[in-house]
Amino acid sequence: MRKAISVIMSGICMMPLLTACGNPADTVKSADFFAMDTYMNLKAYGRDAEAAVAEAEARIYELEQTFSVTDEASDIWQINHAAGEAVSVSADTISVLQTARQMHTESGGAFCISLYPVLRAWGFTTGEYRIPTDSEIANLLQNCDDTKISVQGGGVRIPEHSAIDLGAVAKGYTGDAVMEILREHHISSAMINLGGNVQALGCKPDGSAWTVGITDPFAPDSMIGTVRVTDKAVITSGNYERYFTGDDGQKYWHILDPETGCPADNGLVSVTVIGDSGAQCDALSTALFAEGTEPAVQHWRRSGDFEMILVTSDGDLLMSEGIAADYTAKKDMPCRVVQRDEKP
Ligand code: AMP
Ligand code: MG
């Protein structure tokens, strides 16, 4: 699987100066590892960087186990195999499910974690790809309804024959959990990349903003541009991240449209969301992708607490006005800056 975003950390100043985010006594600790089916990197600057990164890595493994759809000890496996009964789960799972339920509503149903049985039919869960028949999809869609997920107290219940997966939001939630640990260790400067989900804590040690590259969905080894961020999550959903080409020569990707049970093909090939919360940005990037171009723009206008960079299937770039000044183009493409008060 390709990384959705490349992180550029060039020009990090190691001179012993007291700067906005750095301190002469800071040490740097970096860790690379594989978790949640993807490559991850944590990099932190601070006196306590080593302990902070070790604790963060352990927390990631803990959340990986909690959110796994295949591990029989996980909360999600228990929920999916409870035959309609309530299951008692961790506070982490409750929190992610609340974010997911809210995003289902805010996206008009486009964000739908109960699509899991349909994803499985396409082979996106195993890599054994196939194109399901129309009737197979129609049958499976009957059990996909996020409004039937009940979250009460510490208990979760889904209807029998339904199943959920948190692939669209778990890494963002995990990024927030990592940020919390880094802050507890008084880390003032850090950059984490959880398989393309980038989250920045503070600024670079030299006091300048972090620079995050946005992958070109038409040429995933290169970038369309970069954004400068401080204390933000930058999370991308793209049609190049997991896909297969069918015998019919068509490309089928891993973000599905709950209306059709087929890959969401509503005018977008890549959605990057920039905001304060990793969980929110992760859920949003998937939601906006499934919604499609104009509904995504309307969603942004209603919200007001995130910025976005959209790439359309025609090769156009659309970005919300709040991020335009921090974006540097690396590829020449038609660009429209979307204004908050613009008529659709
Ligand atoms: P992301 O890379 O964050 O956009 O998440 C993609 C993953 O979300 C997929 O691999 C599926 O596990 C899951 N997914 C696919 N379509 C949807 C959807 N419409 N709503 C919620 N989750 C989805
Ligand atoms: Mg997502």
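**View 1. Ligand 1 occupies the largest pocket of the predicted model.** A pocket is an open set of points on a 1 Å grid over the protein atoms alone, where a 1.4 Å probe fits and protein lies on both sides within 12 Å along at least five of seven lines. A molecule sits in a pocket if more than half of its atoms lie within 2 Å of its grid points.

**View 2. The shell around ligand 1 comprises 15 residues.** The closest are C112, S237, L256, D282 and T286; a residue counts as near if one of its heavy atoms lies within 4 Å. The shell divides into eight nonpolar, four polar (Gly among them by convention) and three charged (Asp, Glu, Lys or Arg) residues.

**View 3. Polar contacts (pairs of N or O atoms within 3.5 Å) of ligand 1.** The side chain of S237 places an N or O atom 2.6 Å from an oxygen atom of ligand 1. A nitrogen atom of the ligand is 2.9 Å from a backbone N or O atom of L256. The protein buries 91% of the 500 Å² that ligand 1 exposes when taken alone (Shrake-Rupley method, 1.4 Å probe).

**View 4. Coordination of the magnesium ion (ligand 2).** The donors (N, O and S atoms within 2.8 Å of the metal) are A168 (O), D282 (O), D282 (OD) and T286 (OG1), at 2.1 to 2.4 Å. Their spacing along the chain is A-x113-D-x3-T. A168, in the loop between β6 (155-157) and α6 (170-184), and T286, in helix α7 (residues 278-291), are 118 residues apart; helices (H or I, at least four residues) and strands (E, at least two) are DSSP runs.

**Conventions.** Residues are numbered from 1 along each chain as its sequence is written, chains are lettered from A and ligands numbered from 1 in written order. In this predicted model, local features need pLDDT of at least 70 and side-chain atom pairs pLDDT 80 or more, whereas totals for chains, interfaces and linings use all residues; side-chain values use heavy atoms, without hydrogens and water.

Definitions and conventions
A polar contact is a pair of N or O atoms within 3.5 Å; within protein, one must be able to donate a hydrogen and the other to accept it, and residues adjacent in sequence count only if both atoms are side-chain atoms. On a 1 Å grid over the protein atoms alone, a cavity is a set of points where a 1.4 Å probe fits but cannot get out, and a pocket is an open set with protein on both sides within 12 Å along at least five of seven lines; lining residues have an atom within 4 Å of a point. Donors are N, O and S atoms within 2.8 Å of the metal (3.2 Å for Na, K and Ca); water is not among the atoms, so sites may look incomplete.
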